[in-house]
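Let's take a walk through this one together. Have the sequence and the 3D view open side by side, and follow along.

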Amino acid sequence: MNVPTRKSVDGPARHRMLGIYLNDHLAGATSGSALARRMVQEHRASAYGGDLDKLATEIAQDRQALAGMLADLDVPVRRYKLGLAWLAERIGRVKPNGRLLRRSGLAVLVELETLRLGAQGKASLWRALLPVSALEPRLDADRLEQLLRRAEQQIRTLDSLHARAVVQVFRLHPRPTARTAS
């Protein structure tokens with residue numbers, strides 16, 4: 001594995017690499033935020049509605065926090081990446097699901113899994129930025145810790161929602177226990 005030397009990531013090179021990394025995550029956050037908002041609209045009246053609404057709000061706030069970090073670091077937002085992320089989320093809506101004209105229950109599983117992957121990526125971002133904050137005073141380590149804890153909570157919430165959705169989608173019921181004859 002090629003590991004850059006300290007000299008290769010100093011100054012402008014480090015700032016450029018950080019800018020690419022942050023813009024990639026901002027694109028992912030853009031897509032994830034759009035997906036979460038759409039899921040809230042589709043599932044508002046369901047048992048998932050409240051949790052999804054809270055998640056969508058937090059995901060949007062996390063995206064704003066990341067956009068603020070780009071601004072604080074004087075990193076230009078790469079609009080083409082945001083546009084591609086928006087398009088990818090729209091394309092992701094078109095997927096074979098075993099039904100011709102309406103969504104299947106499988107969509108909610110895949111969408112929850114997609115949000116979980118996004119939350120995992122976001123947690124990795126905050127973890128990666130923590131040591132960078134020691135070199136970059138414009139990154140607030142305490143704020144990064146808060147964002148990391150929230151991402152970890154989001155993962156737990158998504159895991160819970162996914163487990164509930166699996167039961168509902170596949171109509172799983174506990175196996176009847178064998179009764180002893182009396």
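What follows goes from the overall fold to the cores, then to salt bridges, a glycine pair, a loop and a surface patch.

A bit of housekeeping comes before the tour. This is a predicted model, in which local features need pLDDT of at least 70 and side-chain atom pairs count only at pLDDT 80 or more, while totals for chains, interfaces and linings use all residues. Residues are numbered from 1 along each chain as its sequence is written, and side-chain values use heavy atoms, with hydrogens and water left out.

Start with the overall layout. The chain has five helices and zero strands, so its elements simply read α-α-α-α-α from the N terminus; helices here are DSSP runs of H or I with at least four residues, strands are E runs of at least two, and numbering starts at the N terminus. Of the 182 residues, 36% are buried, where buried means under 20% relative accessible area, exposed means over 50%, and partly exposed is in between (1.4 Å probe, protein chains only). The accessible surface of the chain comes to about 11,600 Å², and 58% of that belongs to carbon and sulfur atoms; these areas come from the Shrake-Rupley method with a 1.4 Å probe, and for residues only the protein chains shown count as cover. Take the contacts (heavy atoms within 4.5 Å) between residues at least 6 apart in sequence: 79% of them join residues at least 24 apart.

Now look inside. A nonpolar core is a set of buried Ala, Val, Leu, Ile, Met, Phe, Trp, Tyr and Cys residues joined through side-chain atoms within 4.5 Å. The largest one has 19 residues, and those with the most contacts inside it are Leu22, Leu66, Met69, Trp126, Leu129 and Leu144. Helix 1, helix 2, helix 4 (106-135) and helix 5 each give two or more residues to this core, with helix 4 supplying the largest share, five residues. Zoom in on leucine 129: leaving aside neighbours within four places in sequence, this residue is in contact with Leu18, Leu22, Met69, Leu139 and Leu144. There's also a second, separate core of 18 residues, which includes Ala56, Leu109, Leu161 and Ala165.

Helix 2 deserves its own look. It has 24 residues and reaches 34 Å from its first C-alpha to its last, close to the 34 Å expected at 1.5 Å a residue; the expected span is 1.5 Å times one less than the number of residues. Its buried residues aren't just greasy ones: among them are Leu52, Leu66 and Met69, but also Glu58, Asp62 and Arg63.

What does Asp62 pair with? Arginine 150 forms a salt bridge with aspartate 62, the closest N and O atoms being 2.4 Å apart. Arginine 150 is in helix 5 and aspartate 62 in helix 2, so the pair ties together parts that are 88 residues apart in sequence. Aspartate 62 has a relative accessibility of 2%. A salt bridge here is a side-chain nitrogen of Lys or Arg within 4 Å of a carboxyl oxygen of Asp or Glu, and the whole structure has 10 of them.

Another pair sits in helix 1. Arginine 38 bridges to glutamate 42 with the closest N and O atoms 3.1 Å apart, and the two are four residues apart, or about one helical turn. Arginine 38 is buried at 7% relative accessible area, whereas glutamate 42 is partly exposed at 36%. Further along the chain, glutamate 136 and arginine 138 form a salt bridge whose closest N and O atoms are 2.8 Å apart. Back at the helix 1 pair, shared partners join Arg38, Glu42 and Glu111 into one salt-bridge network.

Helix 1 (residues 11-43) also holds glycine 32, buried at 17% relative accessible area. Which residues does glycine 32 touch? Not counting residues up to four places away in sequence, glycine 32 touches Ile59 and Leu115. Glycine 32 and glycine 118 are 86 residues apart in sequence, yet their C-alphas are 6.6 Å apart.

Next, the loop between helix 2 (49-72) and helix 3 (79-92), where you'll find aspartate 74. Most residues other than glycine have a negative phi, but aspartate 74 has a positive phi of about 55°. This residue is exposed, at 57% relative accessibility.

Finish on the outside. Leu106, Val167, Phe170 and Leu172 make a nonpolar surface patch of about 350 Å². Patches are made of residues with over 30% relative accessible area and no salt bridge, with like charges joined within 9 Å and nonpolar side chains (Val, Leu, Ile, Met, Phe, Trp, Tyr) within 5 Å. Phenylalanine 170 lies in the segment after helix 5 (141-169) and is partly exposed at 48% relative accessible area.
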